[in-house]
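Trainee: I am new to this structure and would like to look closely at one part of it rather than tour the whole. Could you take me through a group of helices that pack together, and through the loop beside them?

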Amino acid sequence: MTELLKIRDLVVAFDAFHAIDGLDLTLEEHEVRFVIGPNGAGKTTLIDSITNLVRPTAGSILFAGEELLGKSEYAIVRTGIGRTFQKPSVFDELTVLENVDIAASFRLPFRSLLRRRKGISDEVAQTLGSVNLTDQSESPAGSLSHGQKQWLEVAMVLVQRPRLLLLDEPVAGMTEKERLHTGELVTRIAAEGTTVLVVEHDMDFVRRFAHKVTVMHEGKILTEGSVAEVQSNETVREVYLGRPRDARGAAEALT
Ligand SMILES: Nc1ncnc2c1ncn2[C@@H]1O[C@H](COP(=O)(O)OP(=O)(O)O)[C@@H](O)[C@H]1O
Ligand SMILES: [Mg+2]
């Protein structure tokens, strides 16, 4: 097993508050890791740190042995890291196909952009197929359902062929059927060789699709293990139970 991502002693401070507070996390190449934790645990800030949307105050993030801290957002994309956002950020006025096509061009060197022929590349068509959006290729992205927009965003990252994919609550706002599709999609992406980190709040989804789970709490890793191990962990139960606004998560975590 190769360590693909190795985070050590990470701290992200917003004034005196540490949103990430001495976090260590290691991902092996080709694994699918679910990261759960109550609201405010620091899950999004963790993804933001890896992609340089926030600047950590201390620590180290090694990706394939290379330090990411200090690299630009763009340089990080070029090293092979792609992410989605909690709120999909697609171009509503452009078609589904145009969105993916633009994303595909981001990773090309400028010279090949100039040489690039018009028309749909196989890669774009194949990526649209993998997220079940072939039939919507010509529709404006703005006309998609919330779930479909999430998939489009995944497609826009996938087409850049990331080595590590970071998904921030991909099933939020999705229907049951869309959740199922998303779970299958994540499984397929991993089977095709991409390492995936999924931040998730929906315990039901985690139970169905997770292998190894990392639990975050107050900017730290509380525990790691299988779904069963994590669910039977007393501290994890307390963390979910201790917060009234996470009552739903708590109820689910206990079943
Ligand atoms: N830009 C920011 N400035 C100040 N506080 C922030 C900022 N971003 C996040 N936080 C705080 O950091 C904590 C972790 O937030 P976040 O990573 O979004 O949590 P999660 O994704 O686990 O719900 C929260 O208390 C949040 O209010
Ligand atoms: Mg979040």
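Mentor: What follows is a walk through three helices, the contacts between them, and a loop residue that follows one of them.

Please keep in mind from the start that this is a predicted model. As a setting for the close look, the protein has 255 residues, of which 42% count as buried, and its secondary structure comes to eleven helices and ten strands. Among the contacts between residues at least 6 apart in sequence, 66% join residues at least 24 apart.

Let us begin with helix α3, which covers residues 96-106, and helix α6, which covers residues 146-158; their axes come within 8 Å of each other and cross at roughly 30°. Because angles under 35 degrees count as roughly parallel, this crossing makes α3 roughly parallel to α6. The crossing of these two helices is right-handed. On the α3 side the contact is made by V96, N99, V100 and A103, and on the α6 side by L152, A155 and M156. Sorted by class, the residues of this contact are six nonpolar and one polar, with no charged residue.

The partner to add next is α5, and here the geometry of the pairing with α3 can be set out in the same order. The axes of α3 and α5 come within 10 Å and cross at roughly 125°, which makes α3 oblique to α5. This crossing, too, is right-handed. From α3 the contact draws on V96, L97, V100, D101 and A104, while α5 contributes E123, V124, T127 and L128. By class, the contact of α3 with α5 holds six nonpolar residues, one polar residue and two charged residues.

It helps now to look at the two helices from the point of view of their buried residues. In α3 the buried residues are V96, L97, N99, V100, D101, A103 and A104, and they pack against both α5 and α6. In α5, which runs over residues 122-130, the buried residues are V124, T127 and L128. Those three cover an arc of only 100° around the helix axis, which puts them on the same side of α5. A general point about helices is useful here: an α-helix has 3.6 residues a turn, so residues three or four places apart point the same way. The buried residues of α5 pack against α3 and α6.

From α5 we can follow the chain into the loop. After α5 comes N132, whose phi is positive, near 65°, and N132 is found in the loop between α5 and α6. How buried or exposed is N132, judged by the C-beta atoms within 10 Å? There are 17 other C-beta atoms within 10 Å of N132, so N132 is partly exposed. Leaving aside neighbours within four places in sequence, N132 is in contact with W151 and H181. The loop residue can also be placed relative to A155, one of the residues that α6 brings to its contact with α3: N132 and A155 are 23 residues apart in sequence, and their C-alpha atoms are 9.8 Å apart in space.

The contact with W151 leads back into the helices, since W151 lies in helix α6. W151 is buried, having 27 other C-beta atoms within 10 Å, whereas N132 is partly exposed. Not counting residues up to four places away in sequence, W151 touches V131, N132 and L133. W151 can also be placed relative to a residue from elsewhere along the chain, P88: the two are 63 residues apart in sequence, and their C-alpha atoms are separated by 9.0 Å.

Finally, two loop residues elsewhere can be set beside N132. H30 has a phi near 80°, a positive value in a residue other than glycine, and its place is in the loop between β2 (17-28) and β3 (32-36). H30 is partly exposed, with 16 other C-beta atoms within 10 Å. E218 has a positive phi of about 50° although it is not a glycine, and it is found in the loop between β9 (212-217) and β10 (220-226). With 15 other C-beta atoms within 10 Å, E218 is partly exposed.

Notes: Residues numbered from 1 in each chain as written. Chains lettered and ligands numbered in written order. Predicted model: local features only at pLDDT ≥ 70, side-chain atom pairs only at ≥ 80, totals over all residues. Axes fitted to C-alpha atoms, helices over the stretch in contact; angles between N-to-C directions. Helix = DSSP H or I, 4+ residues; strand = E, 2+ residues; numbered from the N terminus. Parallel < 35°, antiparallel > 145°, perpendicular 65-115°, else oblique. Left-handed = near helix turned anticlockwise from the far one by under 90°. Contact = placed C-beta atoms within 7 Å. Nonpolar A, V, L, I, M, F, W, Y, C, P; charged D, E, K, R; others polar. Buried ≥ 20, exposed ≤ 12 C-beta atoms within 10 Å, placed from the backbone. Arc of directions from axis to C-beta.
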